Amino acid sequence: MMESLLTNVDWVEIGWASWDTLVMVGMSLLFSVLIGLPVGVLLFLTGKRQLLEQPVAYAILSFIVNVLRSVPFIILLIVMIPVTVMIIGTSLGVAGAIPPLVAGGAPFFARLVETSLREVDRGIIEATQAMGGNVRQIIFGALLPEALPGIIAGITVTAITLVSYAAMSGVVGGGGLGDLAIRFGYQRFQTDVMVITVALLVVFVQLLQMLGDRLVLYFSRK
Amino acid sequence: MRYNQRLFVPYPQGVGQCLTEGLCSVIELDQVQKSYQVGGRAIPALQPTDLTIDTGEVFGIVGHSGAGKSTLVRLINLLERPTGGRVLVDGEDVTHYDAAELRAFRRKVGMIFQHFNLLSSRTVADNIAFPMKLAGIYSKAQIRDRVAELLALVSLTDQGNKYPSQLSGGQKQRVGIARALACRPSILLCDEATSALDPQTTQSVLRLLAEINRELGLTIVLITHEMDVVRRICDRVAVMDGGRIVEMGAVTDVFLHPEHPTTRDFVFESENVDRDELQQDFEHAAGRILRLTFRGESTYKPLLGHVARQSGVDFSILSGRIDHIKDTPYGQLTLSLVGGNLEQAMAEFELADVHVEVVR
């Protein structure tokens, strides 16, 4: 029964594609967080009436983030090709997909970090200042720990966004489930492959959300 | 050397002790002022103010919201920078401190807040340890011992591993107090510390503050909009209105004989007296109306009957209360007096150390 319905599905291929998606999302998430977190913290600190208020620095950072966020990802994929070739050596495959994914994910995550830091009660900053804390101590001792649940929720949202971005990268020759869906499901009309890849993506997103929610709950002390 | 009687630990040099005999000032504001730039215009929050707060006293600052009291208290530990004037603590102008000196100075000044401002991500014990960790000059063992001491001081010994969200408001404020005391400050600033608490919890927190003041010799500066808080624990009070201090003095004086309209409002409010109603009652009363204020020992003397017999006046009581201002008992009676020798009655009252005010 199953065999006759899924004649075109090559499970080994599906397995490798899933692994590729996992690697793309994992690596791009890692770099998005590594870049987005400090950028988000800087956005927060240089903002209006904040600890290191710097209108010019804020305007510049904010502009770059907004530009990257306003370019549709499918366009970003294409625009990024020369940059990707410079960094990775190729714009194809799993490795070639990672730079555009980071270019899309990092600014997105940076805004989420900024927002969750803004939600920390100003009184916490004031109290830490009153205790004699310096800026570094306020950031690492008070702000980031207090915003941790929000930041984890932000990582979850970013990861899920990256899953869909990663699928899109199939269009310009990235790897993974999206690539499979486009090459077989779309171009060769193999609907069964399309259904399986979509189902796997759905499961993947569900698992990410569950994991994220659990972590948020674990770190929330409110 | 002075010792903290409860904790049996000596104070660090120069903290909590007066180097000269008698009271010496610990906080001096010299023409301190603060204004905010809003759209290119300077909006004054605090008019140039002089204020001296002495070592070991509990100083209350009372005022409505927007009166400038919040600004005033934050100028002491420079959470707000004054736009003019000097802030002297133990004779040193703290406004000239560089960043490192300022942080060291702030460790000498504890602060508690209306909304506690505890770190929700840290346990009670870690919250109390936090200022010591920030200071970076204490060993792990020192921090552990100090946290245990402080948990005992605020009666939260069993709650060290809980998170703030698991505590009641009163318990949270106790954690706030313990945290403020962690680095053995000589000054404690209280920003509306009891305003978010119910009346009973307020009482217990005020008792704790009074105890800390007595036992540790800490100078406490307390801002509030409740005259009752001032009445319970303050030695002196400043009343603020429109960015300036409009009345200041010993709590007993200010409370029993308020001069400024704002002060009168606060006192009446705290006594739950409806002035219009009182006025109506007075209209029905015959004869002279006097307000008598008893203070200290005279509060308990059986004076009224004695004076009535001596002077032949008849009296009826229109309103009255007996209460305490910090540790001083006081009574206030409004009487209407008819017949007899009124002059003599008033002289008898004065003789018994009772303050007499003719209302009508």
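In the hairpin formed by S6(B) and S7(B), where two residues lie between the strands, B:Asp90 adopts a positive phi near 50 degrees. The model described here is a predicted one, and this small turn is a convenient place to enter it. Strand S6 (residues 84-89) and strand S7 (residues 92-93) of chain B run antiparallel and are joined by two bridges. Within this pairing, B:Val89 stands opposite B:Glu92 in S7(B).

Further along chain B comes an open sheet of six strands, ordered S8-S9-S10-S5-S11-S12, in which the pairing is mixed. Its edges are formed by strand S8 (109-113) and strand S12 (244-250) of chain B, each of which pairs on one side only. From one strand to the next, the twist averages 15 degrees. Inside the sheet, strand S9 (residues 187-191) and strand S10 (residues 219-224) of chain B run parallel and are connected by five bridges. One partnership can be followed by eye: B:Cys190 has B:Leu222 in S10(B) as its bridge partner. Helix H5 (residues 169-181) of chain B packs on this sheet, where it touches S8 and S9 of chain B. The direction of this helix makes about 165 degrees with that of S8(B).

The loop between S9 and helix H6 (199-216) of chain B holds another residue worth a look, B:Glu192. Phi of B:Glu192 is near 50 degrees, a positive value in a residue other than glycine. Is this loop residue buried or exposed? B:Glu192 counts as buried, because 20 C-beta neighbours lie inside 10 Å and the class begins at 20.

A second open sheet of chain B is made of four strands in the order S14-S15-S13-S16, with antiparallel pairing. Here the edge positions belong to strand S14 (314-325) and strand S16 (355-358) of chain B, each pairing on one side only. With direction ignored, neighbouring strands of this sheet are turned against each other by 15 degrees on average. Strand S13 (residues 288-295) and strand S15 (residues 328-338) of chain B run antiparallel, with eight bridges between them. In this pairing, B:Phe294 finds its bridge partner in B:Gly331 of S15(B). Helix H12 (residues 342-351) of chain B lies across S13, S15 and S16 of chain B and runs at about 145 degrees to S16(B).

Turning to chain A, the text moves to helices. Helix H5 (residues 81-88) and helix H6 (residues 93-118) of chain A have axes that come within 9 Å and cross at roughly 120 degrees. H5(A) is therefore oblique to H6(A). The contact is built from A:Val83, A:Thr84, A:Ile87 and A:Ile88 on H5(A), together with A:Ala95, A:Gly96, A:Pro99 and A:Pro100 on H6(A). By class, the residues of this contact divide into six nonpolar, two polar and no charged. The crossing of H5(A) and H6(A) is right-handed.

Helix H8 of chain A contains A:Ala167. This alanine counts as buried, since 24 C-beta neighbours fall inside 10 Å. Which residues does A:Ala167 contact, once its neighbours within four places in sequence are left aside? The contacts of A:Ala167 are A:Leu177, A:Gly178, A:Ala181 and A:Leu201. A:Ala167 is also separated from A:Ala97 by 70 residues in sequence, with 10.0 Å between their C-alpha atoms.

A contrasting case is A:Phe189, found in the loop between helix H9 (176-186) and helix H10 (191-219) of chain A. A:Phe189 is exposed, because 10 other C-beta atoms lie within 10 Å and the exposed class takes in 12 or fewer. Its phi is near 55 degrees, a positive value in a residue other than glycine.

The two chains also meet one another. Their contact takes 19 residues from chain A and 19 residues from chain B. On the side of chain A that touches chain B, helix H7 (122-130) and helix H8 (135-168) of chain A each supply at least two residues. Sorted by class, this side of chain A has seven nonpolar, seven polar and five charged residues.

Definitions and conventions. Residues numbered from 1 in each chain as written. Chains lettered and ligands numbered in written order. Predicted model: local features only at pLDDT ≥ 70, side-chain atom pairs only at ≥ 80, totals over all residues. Pairing = 2+ DSSP bridges. Axes fitted to C-alpha atoms, helices over the stretch in contact; angles between N-to-C directions. Contact = placed C-beta atoms within 7 Å. Nonpolar A, V, L, I, M, F, W, Y, C, P; charged D, E, K, R; others polar. Parallel < 35°, antiparallel > 145°, perpendicular 65-115°, else oblique. Left-handed = near helix turned anticlockwise from the far one by under 90°.
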